[in-house]
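Colleague: I am new to this structure. Please take me through one part of it closely, the packing of a helix pair, and then add a word on the cysteines.

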Amino acid sequence: MRRLILCADDFAQSPAISRGILALIDAGRLSATSVFSLSDCWPELAPELSDRAVDVGLHFNLTEALGQPVRGLGYWLLMSQLRTLSRQQLCHQWLQQIDAFADKLGRLPDYLDGHQHVHALPVVRNAMTDAIALRWPAADKPYIRRPDRLADAGDSAFKGRVLRGCCAGFSGHLQQHGLQGPDWFAGLYSLTPAADFAGLMRHWLQTMPDGGLIMCHPGDPDERPDPISATRPLEWAWLAGDGFADDMASAGVTLSRYTPV
């Protein structure tokens with residue numbers, strides 16, 4: 001059997017999204033979830049993850065308005081490539097979000113990733129490794145999602161090219177700092193109701209290597225503004241249903257938490 005880390009992003013973005021993720025965890029349909037630690041929902045929701053047997057990571061955020069002013073993704077893509085961002089200020093943001101996570105969950109994140117993959121951008125990645133050195137012991141570092149290892153862009157070839165280009169060199173950066181993460185990544189697609197999420201998942205399950213990571217974005221229908229609110233319940237319904245279980249069995253895949261190489 002090949003092992004899959006199936007990670008639901010955006011925990012604590014809203015109560016509805018989080019309820020859907022928790023239901024899938026309890027049904028054995030997820031093995032990881034990524035947390036918005038500065039969300040106003042996180043203090044109340046953190047205890048829900050304390051005893052559940054999944055990896056819980058920090059979903060580092062620079063672009064999602066969660067009660068704080070943010071800049072759009074385009075700004076971070078451009079400024080990171082120009083190397084004009086402040087590494088010191090970004091390290092402060094990393095530490096703020098790491099500390100907010102640990103303060104409510106009682107421990108450091110199992111792994112780090114980023115909303116819209118901002119953690120892998122130049123300068124942001126340097127600030128990340130600065131923050132890791134300040135918060136983690138050398139022998140017990142978190143694992144890292146590696147979007148430069150994107151294996152398949154689903155129905156979004158252009159978005160895949162942009163992601164690979166903007167995150168180029170990320171895995172080499174991690175290696176220089178003694179950090180690891182899954183070497184295969186999928187889950188990128190248009191995030192629209194018209195997309196064939198089930199078909200994409202079947203393809204990824206059939207083609208993934210042992211230890212691959214697939215991100216997903218399930219959730220209950222949301223009462224808060226959310227650009228992918230129409231897609232989350234569709235992902236949730238398929239992941240909760242018999243089709244997902246059958247496709248996992250047919251592909252010879254089982255869910256697993258991350259195991260270092």
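Modeller: Here is the helix pair, followed by the cysteines. This is a predicted model, in which local features need pLDDT of at least 70 and side-chain atom pairs count only at pLDDT 80 or more, while totals for chains, interfaces and linings use all residues. Residues are numbered from 1 along each chain as its sequence is written, and side-chain values use heavy atoms, with hydrogens and water left out.

Two packed helices are described by the angle between their axes and the distance between the axes. Helix α4 covers residues 87–105 and helix α5 covers residues 124–135. Their axes lie 8 Å apart, at an angle of about 50°. The pair is therefore oblique (not under 35 degrees, not over 145, and not 65 to 115). α4 crosses α5 in a right-handed sense. From α4, the contact (heavy atoms within 4.5 Å) takes in R87, L90, C91, W94, L95, I98 and D99. From α5 come V124, N126, A127, M128, D130, A131, L134 and R135. By class, ten of these residues are nonpolar, one is polar and four are charged.

Now the cysteines. The count of disulfides (cysteine sulfur atoms within 2.5 Å) is zero. Why is C7 not bonded to C216? The sulfur of C7 is 6.9 Å from that of C216, its closest cysteine sulfur, and that is too far for a bond. C7 has 0% relative accessibility, so it counts as buried (under 20% relative accessible area, with a 1.4 Å probe and protein chains only). C216, at 1% relative accessibility, counts as buried too.

Methods:
Axes are lines fitted to C-alpha atoms, for helices over the stretch in contact, and angles run from 0 to 180 degrees between N-to-C directions. Helices (H or I, at least four residues) and strands (E, at least two) are DSSP runs, numbered from the N terminus. A crossing is left-handed if the near helix is turned anticlockwise from the far one by less than a right angle, and right-handed if clockwise. Ala, Val, Leu, Ile, Met, Phe, Trp, Tyr, Cys and Pro count as nonpolar, Asp, Glu, Lys and Arg as charged, and the others, Gly among them, as polar. Buried means under 20% relative accessible area, exposed over 50%, partly exposed in between (1.4 Å probe, protein chains only).
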